[in-house]
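Hi everyone, thanks for coming. I'd like to walk you through one model today, so please have a look at it while I talk.

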Amino acid sequence: MSAESTETKKVVRVGTRKSQLAMIQTNSVVASLKKLCDDVDFEIISMSTTGDKILDTALSKIGEKSLFTKELEKALEDGRVDFVVHSLKDLQSTLPPNMVIGAVLEREDPYDAVLMHPKHATKHLSDLPENSVIGTSSVRRVAQLKRKYPHLKFESVRGNLNTRLRKLDEDEVYSALVLAAAGVKRMDWESRISQTLLPDECLYAVGQGALAVEVRANDSNTLDLVSKLNHEETLLRCVAERALLRELEAGCSTPVAVYTEIKDKELYLTGAVLSLDGSECLKETMQTSLSDTQTQEDSSSEAHQHYVSVVAQTISHQAMQAAEDIGIDMAKLLISKGAGDILAVARQQNAGGEKK
């Protein structure tokens with residue numbers, strides 16, 4: 001290709017956090033788009049977010065929403081970037097009114113993984129001595145794992161993944177870390193995983209393992225571009241999960257956990273709400289049919305309709321509505337059983353600075 005033709009390529013600016021994991025994830029999204037669009041050049045613009053800067057406080061105690069997205073969304077709003085790549089679990093269930101999720105990529109492993117201190121390399125959590133300290137920044141993990149492993153202690157650990165792994169290996173404080181398996185695998189640290197926590201031990205976070213592309217709602221060209229990356233099954237599962245979270249009005253300070261799967265055109269959703277200490281747990285499972293849905297062309301009047309801020313022009317709107325509805329219905333069922341009170345107490349405890 002000549003220099004002249006290269007210069008006429010459209011340039012799309014991509015926003016991301018500065019961490020190594022965020023850059024790996026963003027580069028993977030850009031690489032996928034390059035394969036689909038050889039007439040576009042991509043410029044990656046990285047920045048630090050509030051969550052990256054405040055490292056001495058547990059996430060649940062900071063009291064600010066959009067910890068890992070606010071600065072990126074400001075850049076998107078100002079037009080400094082054309083889209084932003086996020087870990088979907090970092091995105092609020094309700095986005096700013098002029099923003100949408102234009103693509104949800106195929107989900108990596110959504111489960112949580114245990115990384116042991118080298119001296120415990122062959123062990124599982126059940127094998128650790130009484131009062132061994134487990135590092136995790138998630139109240140969701142702590143609430144569930146306290147129920148399963150009452151002999152262990154749980155302490156917050158902050159920093160990017162490189163920092164957390166160094167703290168595990170060098171500080172002699174933690175016997176193990178619990179991290180999202182997806183991030184560990186994307187960092188190529190899979191050999192460090194000693195145990196994968198399956199749903200009977202620890203349900204995962206809403207959107208965990210999936211990458212999302214956030215776009216300005218009125219930017220049709222960028223929406224068309226990134227929509228090529230959508231993975232239908234992942235998108236529908238995550239719409240259900242996000243609808244549950246939104247209806248519960250929950251966030252990172254409250255223990256909400258999920259499990260979803262699609263089998264034989266049926267979407268199954270398990271949702272759980274727990275107290276911070278894990279002593280209370282409400283868990284229910286529901287299902288809904290996706291069999292009567294058909295893909296619609298984006299020429300319909302519903303082309304840019306969103307479901308919990310997700311837009312997907314080539315995926316059936318009936319399917320997306322069914323996914324959103326089951327999340328709402330699950331939340332209402334849990335609330336009818338007392339979830340609202342459990343969540344209110346958790347928020348109050350975090351606001352008061354009570355330790356997890």
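I'll start with the whole chain, then go through a strand, two helices, some rings and the cores.

One thing up front: what you see is a predicted model. The chain runs to 356 residues, and 54% of them count as buried. In secondary structure, there are 12 helices and 13 strands. If you like contact statistics, here is one: take the contacts between residues at least 6 apart in sequence, and 72% of them join residues at least 24 apart.

Let's zoom in on strand β8, residues 176-180. How many of the residues of β8 are buried? The count is 5 of the 5, so this strand is largely enclosed by the rest of the structure. Two other strands pair with it. Strand β5, residues 112-116, runs antiparallel to β8, with 5 bridges between them. If you want to find that pairing on screen, look for V114, whose bridge partner in β8 is V178. Then there is strand β6, residues 133-135, which pairs with β8 in the parallel sense over 2 bridges. Here you can look for I134, bridged to A176 of β8.

Now to helix α8, residues 181-186, where we find V184. V184 has a relative accessible area of 0%, and under 20% counts as buried, so V184 is buried. Which residues does V184 touch, leaving aside its neighbours within four places in sequence? They are L115, L161, L179, W189, E190 and I193. Take L115 from that list: 69 residues separate it from V184 in sequence, yet their C-alpha atoms are 9.3 Å apart.

Helix α6, residues 139-148, is another one to look at. Here 7 of the 10 residues are buried, so α6 is largely enclosed by the rest of the structure. The buried ones are V139, R140, R141, V142, A143, Q144 and L145, and yes, that list includes two arginines, R140 and R141. The N-terminal end of α6 is capped by S138, which places a side-chain oxygen 3.2 Å from the backbone nitrogen of R140.

On to the rings. The structure has 2 aromatic pairs. One of them is Y111 with Y204: the ring centres are 5.7 Å apart and the planes meet at 70°, so this is an edge-to-face pair. It links distant parts of the chain, with the two positions 93 residues apart: Y111 is in the loop between β4 and β5, and Y204 in the loop between β9 and β10. Both Y111 and Y204 are buried, and together with Y259 they make up one aromatic cluster. Elsewhere, K263 has its charged end over the ring of Y268, 5.6 Å from the ring centre.

Last, the cores. The largest nonpolar core has 51 residues, and those with the most contacts inside it include L88, I101, L235 and V273. Among the elements giving it two or more residues are β4, α10, β12 and α11. V273 is a good residue to click on: beyond four places in sequence, its contacts include L248, P255, L334, I342 and L343. Apart from this core lies another, of 21 residues, with L33, V40, V213 and L223 among them.

That's my tour, and I'm happy to take questions.

Note on methods:
Residues are numbered from 1 along each chain as its sequence is written. This is a predicted model: local features need pLDDT of at least 70, side-chain atom pairs count only at pLDDT 80 or more; totals for chains, interfaces and linings use all residues. Side-chain values use heavy atoms; hydrogens and water are left out. Buried means under 20% relative accessible area, exposed over 50%, partly exposed in between (1.4 Å probe, protein chains only). Helices (H or I, at least four residues) and strands (E, at least two) are DSSP runs, numbered from the N terminus. Two strands pair if DSSP finds at least two bridges between them. Rings of Phe, Tyr and Trp (its six-membered ring) pair if their centres lie within 6.5 Å; planes under 30 degrees apart count as stacked, over 60 as edge-to-face and the rest as tilted. A charge sits over a ring if NZ of Lys or CZ of Arg is within 6 Å of the ring centre and within 35 degrees of the ring normal. A polar contact is a pair of N or O atoms within 3.5 Å; within protein, one must be able to donate a hydrogen and the other to accept it, and residues adjacent in sequence count only if both atoms are side-chain atoms. Contact means heavy atoms within 4.5 Å. A nonpolar core is a set of buried Ala, Val, Leu, Ile, Met, Phe, Trp, Tyr and Cys residues joined through side-chain atoms within 4.5 Å.
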